[in-house]
Every structure is written in structure tokens, then in C-alpha cells.
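Open the model in your viewer and keep the selection panel at hand. The tour goes stop by stop, with something to select at each.

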Amino acid sequence: MQQASHDRRPGAGETGAIRKDRHGRTAVALIYPNRYHVGMANLGLQSIYALLNRHDEIVCERAFLPEENAPGRLTTIESGRPVAAADLIAFSISFESDFPNLLQLLDLAGLPLSAAERDERHPLVIAGGVACFLNPEPIARFIDLFLIGEAEAILPHFLAHFRPGAERRGLLQRLVRAVPGAYAPAFYDVDYTPEGTIAAFRPTLPDLPVRIARPIVRDLAGTATCSAVITPDTAFGRAFLVEVGRGCPHGCRFCSAGFVYRPPRFRPAAELAATMRQGLGITDQVGLVGAAVSDLPGIGPLCAEFAEAGTRISFSSLRADALGPELVRALKQSGVKTATIAPEAGSERLRRVINKGLTETDILAAAETLVAHGIPNLKLYFMAGLPTETEDDIAAIPALVKHIKHLFLKISRSRRAIGTITVGVSCFVPKPFTPFQWTAMEEVPRLKAILRRIKNELGRVPNVRVHADVPRWAYVQALLSRGDRRTAEILARVHARQGNWPQALKQ
């Protein structure tokens with residue numbers, strides 16, 4: 001392992017990057033379809049990088065969407081080799097909004113966009129990640145093989161049967177028959193009704209499953225998912241990220257992560273402590289990652305142990321009804337200046353509809369606790385356009401923010417320090433495999449009106465800032481979340497028009 005020299009290139013200043021001699025090894029180009037600083041904050045990408053490089057016969061190098069006007073073909077971070085020279089290109093895709101970047105990256109690599117136009121002269125192109133678990137069909141035209149499920153449960157089978165340079169169709173047939181979770185779109189046809197909806201989804205080869213299995217790791221004990229490479233060039237800085245578990249026991253009806261990673265599983269606190277100590281050999285910052293970090297059994301004592309030793313701890317998510325004294329103390333001792341609460345809806349009625357499970361008392365108590373313990377700034381997250389939303393529910397968002405502001409001011413004045421409340425309002429997007437997957441999305445003009453109303457009511461409140469979603473991009477996200485294979489035509493047109501969605505959709 002080597003640490004890169006300090007310069008301004010992506011990858012400069014890294015600790016932990018793995019560099020191997022390619023001679024005699026299978027070369028994998030692992031691509032995150034966004035910029036370096038976004039991709040390196042993704043623990044999924046980091047874990048795949050480590051998993052692949054544990055195999056001596058594999059050299060896995062990373063690539064990202066280049067910065068604007070970057071010259072030349074797409075190359076890897078570690079060696080600068082062309083991505084097209086790899087034996088295997090593996091995309092790790094977390095968000096549907098990155099689907100257009102996938103086409104740009106294939107183009108930059110010099111590969112045909114369509115999987116049907118690639119052959120043995122080209123690397124096999126595979127894809128995985130939560131966006132693929134949820135719905136791979138919008139990008140099915142561009143991918144040779146999807147791996148649907150958790151990497152630890154799939155990669156050993158895939159690597160045992162992958163042969164670089166093998167005849168493409170025969171290789172794909174061998175992989176889909178031998179690898180659980182392997183899905184090759186070329187071997188499945190879709191039939192449509194006269195109205196245009198899907199009538200059937202069927203394999204075109206014998207003994208292929210109609211439904212693709214989604215393998216998971218049943219017990220996370222004995223496994224560690226953590227940062228492989230530390231870099232200052234991410235939103236988390238030089239934090240060592242540690243996954244505490246997968247899934248969430250609360251079942252919020254809008255949340256894809258809470259359903260696609262079922263059943264919820266947590267790692268033992270003692271194992272997490274050992275992994276955290278490993279990271280502290282590199283940095284003094286640890287980030288605990290998961291959909292339900294505060295639900296981890298033993299989270300309080302774990303945080304207390306490390307906070308008392310001077311470790312800076314951050315959390316990807318904390319519920320307002322789970323802010324125990326150890327967690328708050330850990331936040332304070334870590335120097336955290338901003339904490340996040342996600343009520344999602346302004347009214348208690350609507351929070352019950354979405355199964356959020358938070359009362360107004362919970363939310364106010366959390367805000368009061370955080371500010372009283374010296375964390376001066378709060379972020380509040382809400383959604384507009386939720387199912388059954390009424391005018392009263394919309395009005396409840398600024399009302400709740402003002403109520404929190406009242407408490408905020410009361411406590412802040414006694415401490416002689418007044419911070420800021422940042423309100424983020426996103427648009428509800430129905431996601432596959434959630435209870436709200438068939439819910440109609442609110443119309444864009446209506447979403448604009450809701451966001452404008454919230455901004456107007458809070459815009460002149462001192463120490464309150466409002467950041468609102470862009471409804472038309474939420475609409476595109478819904479299209480990519482629930483679209484079928486025909487969505488690929490839209491993506492291809494968007495790519496041909498260099499990202500001009502209005503032109504592509506109009507055509």
C-alpha cells in the first residue's frame with residue numbers, strides 16, 4: 001500500500017490505495033458514476049475495492065467521472081491505465097440520478113454504449129449497488145450483467161466462474177446459471193399490453209429463473225465493512241467510515257433502504273470497536289454509517305468508550321427519539337457543530353401515515369437536548385408531496401420549525417450563542433419495493449407551489465435558512481426509479497444532447 005503525494009489530482013493525499021503489478025492478474029476497473037469526492041464518500045465502493053483486492057490474482061483500480069474538461073480517455077486512479085484495457089468494468093451505483101453519468105463514462109472509455117454492440121474485444125461490463133437492487137431496467141440496455149444482492153454473498157461465486165476474454169454469450173450463460181443474483185438482460189424478454197404496461201417478463205433460455213434471487217449476508221458478525229482508502233477530498237474529510245449494520249427496523253413507508261436491506265442486521269458492538277481501533281491507527285475521526293445507527297444494540301457504551309479517549313465520532317443518521325446521553329456526549333466531545341433531525345412531515349398525522357414513528361414531543365425534546373449540550377446548529381429535513389398530504393400538513397412544516405426555533409432561542413440565549421437552523425425540503429419520490437411504490441407523484445407545478453409557500457413563511461425568520469429541492473429533477477428521479485427498459489431510449493437521447501433533459505423528453 002502506498003500514500004500518494006500531495007497534489008491536486010484526484011487520489012492525491014490518499015492513505016491505503018492498493019497498487020499491484022498487473023502482469024498475470026485479472027484487471028478490474030471499479031467505477032463510481034460520479035466525481036471522485038462523491039464516490040470516495042461511498043462505503044459500498046470502498047468495500048468492493050477491498051473485497052476484490054483481497055484476491056491476489058486480481059488487480060482492482062478505481063475510476064470516476066472526470067472533472068469538467070478533463071482531457072483524454074477514461075483512466076484509473078492507481079496506474080493511469082485506460083479503463084477500456086481492463087478485463088472487467090464494474091459499476092457501483094447507489095443513486096438513479098447517476099444513470100446518465102454511466103453513459104458518459106462508457107463513452108469516455110471508448111466503449112459502445114449498448115451491450116449488444118460489445119463483444120470479446122471489450123471488457124465485460126457489470127453493475128451492482130442499491131440502485132440496481134431496486135430497479136436495473138432503465139440501464140439494462142447498457143449493462144452486460146447485473147449482480148443483484150450483497151457483494152459478500154455474490155462475488156466469490158462470480159469470480160470463480162468469470163474468465164477474461166471468453167466468448168461473450170457463452171460466458172454470460174455460464175455466469176447466470178452459476179452465480180446467485182446474476183441477471184443478464186439479454187436473456188430476458190419483456191412483453192407489453194396494448195396500453196403499454198408490462199404484461200410479462202420471461203427468460204429466453206431454459207432453466208433461468210423468472211425472478212432473480214437477491215443473496216444477502218444473513219449474519220454480519222465476523223465481517224467488517226469499513227473504509228479501505230482514507231482521503232481528505234470527501235464531505236467526511238479524513239474520517240474512517242464503519243458500517244454498523246444494514247437495513248432499518250422502523251419501516252418508514254417511503255424509504256427504499258429500509259426495505260431492500262431486509263431483514264435489518266447489526267454487527268456486534270465488540271467487533272465494531274475492534275474495527276474502529278483499526279481506523280484510529282490512520283486517523284482520529286470515525287464515521288458510523290447505517291440506516292439506523294442509533295438502533296445499534298450497545299451504541300451508547302460504544303460511543304462513550306471512544307469519545308472519552310478523544311476520538312471524533314460522527315453519525316450518518318440518528319433518530320430524534322434515540323438521543324441517549326452517551327450519543328449526545330459523543331457528539332459534543334467530537335466537536336460536532338451541527339446535528340440533524342429528520343421529522344419528514346410537519347404534522348403528527350402525516351408522520352403516522354408514513355410510519356415515521358416520531359411525535360412532536362420527540363422532535364422538540366431532541367432539539368432541546370442537542371442545543372443544551374452545546375451543539376449550536378440544527379438541520380431539519382422534510383418532504384413535500386407525501387401521500388395524503390393536505391394544506392394543514394403543509395402549514396405544519398413552518399409551524400414546527402418556528403416552534404423549534406422558539407426552544408432554540410430560549411436555550412441559546414442562556415448559553416450566549418445563537419446558531420442556525422437549516423431546513424431542507426425534498427420532494428417525495430415513490431421508490432420500488434416500498435409500500436408507496438404505486439403512489440402517484442405530486443405534479444411539478446403543485447410541488448413548486450408547496451416549496452414556495454414554505455420558503456415564504458420561513459424566509460424572513462432570523463437564523464433560519466431554507467434549501468428546497470428542484471421539482472423537475474425529482475420528477476426525473478421518479479422516472480428513473482420506476483421506469484422500465486424503454487427508459488433507456490430517454491437516457492440515450494439525454495446523452496446525445498449532452499444532458500439536455502427538456503429537449504430529450506420533448507423529442
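**Stop 1: the largest cavity**

By class, seven nonpolar, one polar and three charged residues make up the lining of the largest cavity. This is a predicted model, so treat every stop as a look at a prediction. To see the lining, select R22, A27, V28, A29, V59, E61, T76, R81, P82, A85 and A86. The elements that give two or more residues to this lining are β1 (26-32) and β2 (58-64). β1 provides the largest share, three residues. The volume of the largest cavity is about 80 Å³.

**Stop 2: the strands beside it**

Now select β1 and β2. They run parallel, joined by seven bridges. Find A29, then look across to E61 in β2, which stands opposite. Both A29 and E61 are also in the lining of the largest cavity.

Stay on β2. How many of its residues are buried? Seven of seven, so β2 counts as mostly covered. In a regular strand, side chains alternate between the two faces of the sheet. On one side of β2 look for I58, C60, R62 and F64, and on the other for V59, E61 and A63; all are buried.

**Stop 3: the whole sheet**

Zoom out to the open sheet of six strands. Its order is β2-β1-β3-β4-β5-β6, and the pairing is mixed. Which strands stand at the edges? β2 and β6 (182-183) do; each has a single partner strand, so one side of each is left without a neighbour in the sheet.

Next, select β3 and β4. They pair in the parallel sense over five bridges. Pick S92 and find G128 of β4 opposite.

**Stop 4: the nonpolar cores**

Select F91, L145 and F158. They have the most contacts inside the largest nonpolar core, which has 76 residues. The largest share of this core, six residues, comes from β1. A second, separate core has 63 residues, including L323, I341, L358 and F408.

Return to L145 and show its contacts. Setting aside residues up to four places away in sequence, L145 touches V125, I126, A127, F158, L172, L175, V176, A182, Y183 and A184.

**Stop 5: helix α5**

F158 leads on to helix α5 (residues 151-161), where it is one of the buried residues. The others to select are A151, A153, I154, L155 and L159. What do the buried residues of α5 pack against? Their partners are α2 (43-53), β2, β3 (88-92), β4 (124-128), β5 (145-147) and α6 (168-178).

**Stop 6: Q46 and the second largest cavity**

Follow that packing to helix α2 and select Q46, which lies in this helix. Is Q46 buried or exposed? Q46 is buried, because its relative accessible area is 3% and buried means under 20%. Outside its neighbours within four places in sequence, Q46 is in contact with M40, C226, S227, A228 and V229.

Q46 also helps line the second largest cavity. Add M40, A41, S227, V229, I230, T231, T234, F236, G237, A239 and L241 to show the rest of that lining. By class, this lining has seven nonpolar, five polar and no charged residues. About 60 Å³ of space lies inside. The count of cavities of 30 Å³ or more comes to two, and the tour ends here.

Terms used. Residues are numbered from 1 along each chain as its sequence is written. This is a predicted model: local features need pLDDT of at least 70, side-chain atom pairs count only at pLDDT 80 or more; totals for chains, interfaces and linings use all residues. Side-chain values use heavy atoms; hydrogens and water are left out. On a 1 Å grid over the protein atoms alone, a cavity is a set of points where a 1.4 Å probe fits but cannot get out, and a pocket is an open set with protein on both sides within 12 Å along at least five of seven lines; lining residues have an atom within 4 Å of a point. Grid points are joined across faces, edges and corners, and a volume is the space filled by probe spheres set on the points. Helices (H or I, at least four residues) and strands (E, at least two) are DSSP runs, numbered from the N terminus. Ala, Val, Leu, Ile, Met, Phe, Trp, Tyr, Cys and Pro count as nonpolar, Asp, Glu, Lys and Arg as charged, and the others, Gly among them, as polar. Buried means under 20% relative accessible area, exposed over 50%, partly exposed in between (1.4 Å probe, protein chains only). Two strands pair if DSSP finds at least two bridges between them. A nonpolar core is a set of buried Ala, Val, Leu, Ile, Met, Phe, Trp, Tyr and Cys residues joined through side-chain atoms within 4.5 Å. Contact means heavy atoms within 4.5 Å.
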